[in-house]
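Me: I am new to reading structures such as this one. Could we go through a few features together, with the general idea before each case?

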Amino acid sequence: IQLTRELEDTNRGVVALYAELDEKAEHLRRADEMKSRFLSNMSHEFRTPLSSIRALATLLLNRVDGELSVEQEKQVNFILHGSLALNDMVNDLLDIAKIEAGKVDVHADEFEVGEMFRALRGMLRPLLDENGAVALIFDEPPEGLKMISDEGKLSQILRNFISNALKFTERGEIVVHAEALEDEGQVRFSVSDTGLGIDREHLEIIFEEFGQVANHLQAKTKGTGLGLSLCRNLATLLNGSVNVESTPGKGSVFCVTIPVVYTARHGDQHAPVPT
Ligand code: ADP
């Protein structure tokens with residue numbers, strides 16, 4: 001009898017503990033939802049005044065020569081660049097909030113990886129250093145490698161990886177590579193650089209919103225710490241994942257691995273939208 005009572009007490013304890021955990025999980029889910037809604041609303045509210053600032057600063061700069069003093073022109077340029085940087089940040093925040101709220105559709109279409117690389121190369125050319133201290137190399141992907149997925153989102157992830165590699169590499173090369181993982185039906189893309197590298201203890205932080213690591217190039221790059229968080233969200237949306245390996249002082253390799261063929265998961269709010 002004593003034992004039965006003790007067992008009943010333990011049982012009640014376990015049930016109460018589960019109820020408490022459930023309640024905490026619900027509380028966290030609601031807090032997370034509120035955070036996403038807040039981010040999304042805030043980003044929207046920022047957009048209108050920001051575009052007015054941008055438009056008016058551009059208007060001022062386009063005035064007839066001599067109407068602004070050199071000093072005034074410098075100041076207006078400062079306003080313009082500040083508003084452009086803020087605009088990028090607001091766009092990243094809005095993208096993250098939209099993905100977290102399940103409001104982003106995946107457009108699954110067939111595309112060839114080689115063609116995506118060629119388009120990326122063209123897009124990134126303006127970012128390349130004129131003195132050529134850092135070379136950007138796209139390895140030839142496996143012959144005719146095709147995927148059915150959201151090319152725009154994959155390309156956005158790779159663009160982020162490559163522009164980071166360019167920011168944190170002073171000399172050497174950045175290599176973009178694609179490899180089909182045959183038995184798993186996945187493709188792994190990697191962007192490796194010969195840059196600063198990242199300490200082991202910071203490898204997780206950098207994928208968090210606003211996660212940055214102090215280094216001598218950080219001030220110059222004017223980043224927001226949102227790019228990699230967005231990459232992780234985008235990769236999850238494509239049923240894939242991101243990861244990084246790095247050796248401080250030698251360089252880093254950022255990877256994104258996604259299925260060759262995107263399939264909407266059971267319970268996804270959005271089925272793939274063919275375009
Ligand atoms: P941002 O580049 O805007 O700061 P990200 O989220 O893209 O934000 O990156 C977060 C941080 O991760 C960077 O600030 C930098 O400290 C680190 N990082 C990202 N990519 C690299 C890289 N290729 N080499 C070294 N550090 C990097």
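The dialogue below takes up the core, the ligand and two loop residues.

Me: What should I know about the source and the numbering before I start?

Reply: This is a predicted model, in which local features need pLDDT of at least 70 and side-chain atom pairs count only at pLDDT 80 or more, while totals for chains, interfaces and linings use all residues. Residues are numbered from 1 along each chain as its sequence is written, and side-chain values use heavy atoms, with hydrogens and water left out.

Me: Which residues of the largest nonpolar core touch the most other members?

Reply: A nonpolar core is a set of buried Ala, Val, Leu, Ile, Met, Phe, Trp, Tyr and Cys residues joined through side-chain atoms within 4.5 Å, where buried means under 20% relative accessible area, exposed over 50%, and partly exposed in between (1.4 Å probe, protein chains only). Here the largest such core has 52 residues, and Phe 117, Leu 154, Leu 158, Phe 161, Phe 189 and Val 256 touch the most other members. Its largest share, 7 residues, comes from helix 4 (residues 151-167), helices being DSSP runs of H or I with at least four residues and strands runs of E with at least two, numbered from the N terminus.

Me: How is the ligand held in polar contacts, and which side chains take part?

Reply: A polar contact is a pair of N or O atoms within 3.5 Å; within protein, one must be able to donate a hydrogen and the other to accept it, and residues adjacent in sequence count only if both atoms are side-chain atoms. In this model a polar side-chain atom of Asp 193 lies 2.8 Å from a nitrogen atom of the ligand, and an N or O atom in the side chain of Lys 167 is 2.9 Å from a ligand oxygen.

Me: Is Glu 140 buried or exposed?

Reply: Glu 140 is found in the loop between strand 2 (134-138) and strand 3 (146-149), and it counts as exposed because its relative accessibility is 66%.

Me: What is the sign of phi at Asn 239, and is that residue buried or exposed?

Reply: Most residues other than glycine have a negative phi. Asn 239, in the loop between helix 6 (227-237) and strand 6 (241-247), has a positive phi, near 65°, and it counts as buried because its relative accessibility is 14%.
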